[in-house]
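Here are a few exercises to work through with the model open beside you. Try each task before you read its solution.

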Amino acid sequence: MTPRLRAWALSAPALLLVLLFLGLPVLSTLTTTFGDPKGPFSQYAAFFNSRFRMTVLWRTMEVAVITTTISLVVGFMTAWVVARAPSRIKSLLIIAAVFPLLTGVVVRSFAWLIILGKNGILNDTLIWLGVITEPLSMLYTQFSVTIAMVYLFVPLMILTLVGVLEGIPQDLTEAAASLGATPAATFRQVILPMAVPGLIVGSVLVFTGSFTSYATPQLLGGERQMMMGTFLYQRAMVTFDWVGASTIAAVMVVVTLTTVLAMSKLARRLNPVAG
Amino acid sequence: MKTNPFLIAFAVLTFAFLIGPLIIIIGTSLSDTTYLTFPPQGISLRWYENIFEISAFRRTMVTSFLLAVGGTALSMLIGIPAAYAMARYRYELPAILGNIYVLPILIPEIVLGFSLMKSVAVGMDFPIMAALLVGHALLVLPYCVRVVGASLNAFDFSIEEAAVSLGCPRWKAFFTVVLPNVRAGIIAGFILAFITSLNDVSISIFLTGPGVSTLPIQLLAHMEQFFDPTIASVSVLLMFVTVGVMAIVERTLGLTFLTK
C-alpha cells in the first residue's frame with residue numbers, strides 16, 4: 001500500500017462520519033429552504049418580512065453582541081491578572097475558570113434561576129438592604145438571559161486570553177515604560193496590538209456560542225424572550241414546521257459562518273507578526 | 001511592572017462571580033425545604049435521596065453515561081486513525097481535512113441536532129439510541145482529533161520508522177510504539193469528549209424520544225414542572241464528575257493545556 005493510499009484509508013472513517021451524518025443532513029436542511037413552490041427565496045422573504053421573526057433575530061444579535069462585549073472586557077482584565085500572577089496562584093485561578101467551563105450549561109443556567117427568582121437570593125438581598133420593597137421579576141427578561149450568558153462565556157474568554165497574554169514578554173512592557181511610555185500608551189501601543197488575535201478568537205467563540213445557544217434562553221428567557229435557538233426548537237418540535245425551522249437554521253449558519261470568516265480575515269490583517 | 005491593584009480587585013470580583021453561583025447551588029441542594037432557597041434553612045440530604053427515588057433520573061443517568069462512553073469510544077476509534085494520518089502523512093493529505101474534522105464545532109450545534117433529527121432519526125429511521133450515538137460521536141470528534149493530534153504532532157515518527165525498518169509490522173509498530181507515546185493525549189481527549197457529551201443539550205434535545213432521554217434533557221424537563229432542590233443535588237453530583245475530569249486532565253496534559 002502506498003503511503004498516500006494508507007493515509008486516505010486511515011482518514012476514511014472520520015471523513016465518512018462527518019460527510020454522511022453532518023454534511024448531507026445539514027445540506028438537506030439548507031436546500032429545503034429553497035424548495036418552496038412560490039419561488040426559491042420565498043421562505044427568506046417571509047422570514048425577513050415577519051415582524052416577530054425579525055424581533056427574535058435582533059434580540060439574539062443584541063444579546064450575543066452585549067454578551068461578547070462584556071465577556072471581552074471582563075475576560076481581558078481578569079486574564080491579565082491571571083497571566084501575571086505567581087505560578088501557584090495562577091494554577092488555582094485557572095482551575096477556578098476551568099471548573100465552571102466544564103460544568104454543564106444546564107447546571108450553570110439553573111444557578112441563575114435560583115439567584116434571580118422572585119424569592120431568589122438577589123431579591124432577598126436587595127429587600128434586606130432596603131433598595132427595593134417588592135421583589136423584582138427579573139426572570140424571563142433579556143437581562144436574565146444576558147447575565148447567564150456572560151456567566152457562561154467569561155471562563156472561555158479568560159482561558160483563551162490567558163494563553164495569549166502569557167505570550168507577551170514582560171520585557172516588552174518594561175521596555176516601553178523605561179522609554180517613557182505611560183501605562184495607557186503601553187497598553188494601547190504594545191499590549192493591545194499583540195493581544196488582538198486572542199481577542200478576536202475569544203470574541204468569535206463567545207459570539208457564535210451565545211448566538212446559537214439553546215438551554216440558557218430556554219431556561220432564563222422562556223417563551224417571552226424567544227431567541228434563535230429556542231425559536232428553531234419551537235418551530236421544529238412544537239409546531240412541526242420543518243421548512244420554517246430550516247430557514248431559521250440557515251440564517252443561523254449564515255450568521256455564524258460570516259462572523260467566523262470575517263473575523264479570521266480581520267485577525268490576519270491586524271496580526272502584527274504576520275504583517 | 002506591578003499589576004495594578006484595581007485590576008487585582010476586579011479579578012477577585014470576577015472569580016467570585018464565577019464560583020459564587022456554584023456555591024449557591026451546593027447550599028440549595030442541602031436545604032430541608034421543599035422549595036429552592038438560599039441560604040438553606042436547615043441541613044438535610046433528602047434531596048440527594050430523592051434523585052434515586054425518581055426513576056427518570058436513575059434511568060437517564062445510566063443512559064447519559066453509556067452514551068458519553070460509547071459516543072466517545074466510537075469517535076476515538078475513527079478519530080485516532082484520522083489524527084495519525086494527518087500527523088504522519090502531512091504531505092500526502094490535503095490540509096483541508098483538518099477543517100472537515102472540526103465542522104461539528106463550526107456548524108451551530110442546534111442546527112446539527114435539528115438536521116440529524118430530520119435526516120437520520122426520521123429520514124433513515126435510526127433507533128433513538130443509535131441516532132444519539134452518531135450525534136454524540138460527531139459532537140466530540142473535534143476533541144478526539146485535535147487533542148490526540150496535538151500529542152501526535154509532538155511525536156517523533158522516526159522512532160516508529162526505526163521499529164518498522166527493524167522488521168516490526170506496521171500495525172504492531174502503531175500499537176506498541178506510537179499509541180503508548182500519545183497515551184496522555186488520548187486520555188485527556190477522551191475525558192474532555194466525555195464531559196462534552198455528558199453535558200450536551202442542543203443535539204440530544206432533538207434526538208431523545210419516548211422512553212429514552214439523557215440527564216441534561218431530563219433536568220430541563222424536571223425544571224419545567226417542579227421547582228424543588230432535586231435539581232440542585234443532581235447538579236452537585238455533576239460537579240463531582242467535573243472535579244474528576246479536571247483531575248484526570250491535570251494528570252495527563254495539565255490544565256494549562258486548555259489555555260492553548
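**Exercise 1. Find the loop that holds A:Tyr140, and decide whether this residue is buried, partly exposed or exposed.**

Solution. Keep in mind that this is a predicted model.
- Start with the place: A:Tyr140 sits in the loop that links helix 6 (121-129) to helix 7 of chain A.
- Next, look at the backbone. A:Tyr140 is not a glycine, yet its phi is positive, near 60 degrees.
- Now count neighbours. A residue is buried at 20 or more other C-beta atoms within 10 Å and exposed at 12 or fewer. A:Tyr140 has 16 C-beta neighbours inside 10 Å, so it counts as partly exposed.

**Exercise 2. Do the same for A:Phe240: where does it lie, and is it buried or exposed?**

Solution.
- A:Phe240 belongs to the loop between helix 11 and helix 12 (242-270) of chain A.
- Its phi is positive too, about 55 degrees, although A:Phe240 is not a glycine.
- The count is 9 other C-beta atoms within 10 Å, so A:Phe240 is exposed.

**Exercise 3. Work out which helix of chain A has the lowest mean pLDDT and which has the highest.**

Solution.
- Begin with the whole chain: the mean pLDDT of chain A is 93, with 98% of its residues at 70 or more.
- Then go element by element. The lowest mean, 86, belongs to helix 8 (residues 170-178) of chain A, and the highest, 97, to helix 11 (residues 228-238) of chain A.
- A reading tip: where pLDDT is low, predicted coordinates shouldn't be read in detail.

**Exercise 4. Describe the fold of chain B: how many helices and strands does it have?**

Solution.
- Chain B has 13 helices and zero strands, so walking from the N terminus you meet α after α.
- The C-alpha atoms of chain B fit a box of roughly 70 × 65 × 30 Å along the principal axes.
- Chain B has 260 residues, and 48% of them count as buried.
- Take the contacts in chain B with a separation of 6 or more: 74% of them join residues 24 or more positions apart.

**Exercise 5. Split chain B into its domains and describe where they touch.**

Solution.
- The division gives domain 1 (1-44) and domain 2 (55-259) of chain B.
- Their centres, taken over C-alpha atoms, are 31 Å apart.
- Nine residues of domain 1 and eight residues of domain 2 of chain B make up the contact.
- Sort the domain 1 side by class, and you get five nonpolar, four polar and no charged residues.

**Exercise 6. Characterise the contact between chain A and chain B: how many residues does each chain bring?**

Solution.
- Chain A brings 71 residues and chain B brings 71 residues.
- On the chain A side, helix 1 (residues 3-32) of chain A gives the largest share, 17 residues.
- By class, the chain A side has 54 nonpolar, 14 polar and three charged residues.

**Exercise 7. Which residues touch the most other members of the largest nonpolar core, and what is B:Leu141 in contact with?**

Solution.
- The largest nonpolar core holds 157 residues, and A:Leu232, B:Leu116, B:Leu141 and B:Cys144 touch the most other members.
- Helix 7 (residues 142-166) of chain A supplies the largest share of this core, 16 residues.
- Domain 1 (1-44) and domain 2 (55-259) of chain B each put at least three residues into this core.
- Finally, zoom in on B:Leu141. Leaving aside its neighbours within four places in sequence, B:Leu141 is in contact with A:Ala14, A:Leu17 and A:Val18 from chain A, and with B:Ser75, B:Gly79, B:Tyr101 and B:Pro104 from chain B.

Note on methods:
Residues numbered from 1 in each chain as written. Chains lettered and ligands numbered in written order. Predicted model: local features only at pLDDT ≥ 70, side-chain atom pairs only at ≥ 80, totals over all residues. Helix = DSSP H or I, 4+ residues; strand = E, 2+ residues; numbered from the N terminus. Contact = placed C-beta atoms within 7 Å. Core = buried A, V, L, I, M, F, W, Y, C linked by C-beta atoms within 7 Å. Domains from an automatic or database assignment. Nonpolar A, V, L, I, M, F, W, Y, C, P; charged D, E, K, R; others polar. pLDDT = per-residue confidence, 0-100.
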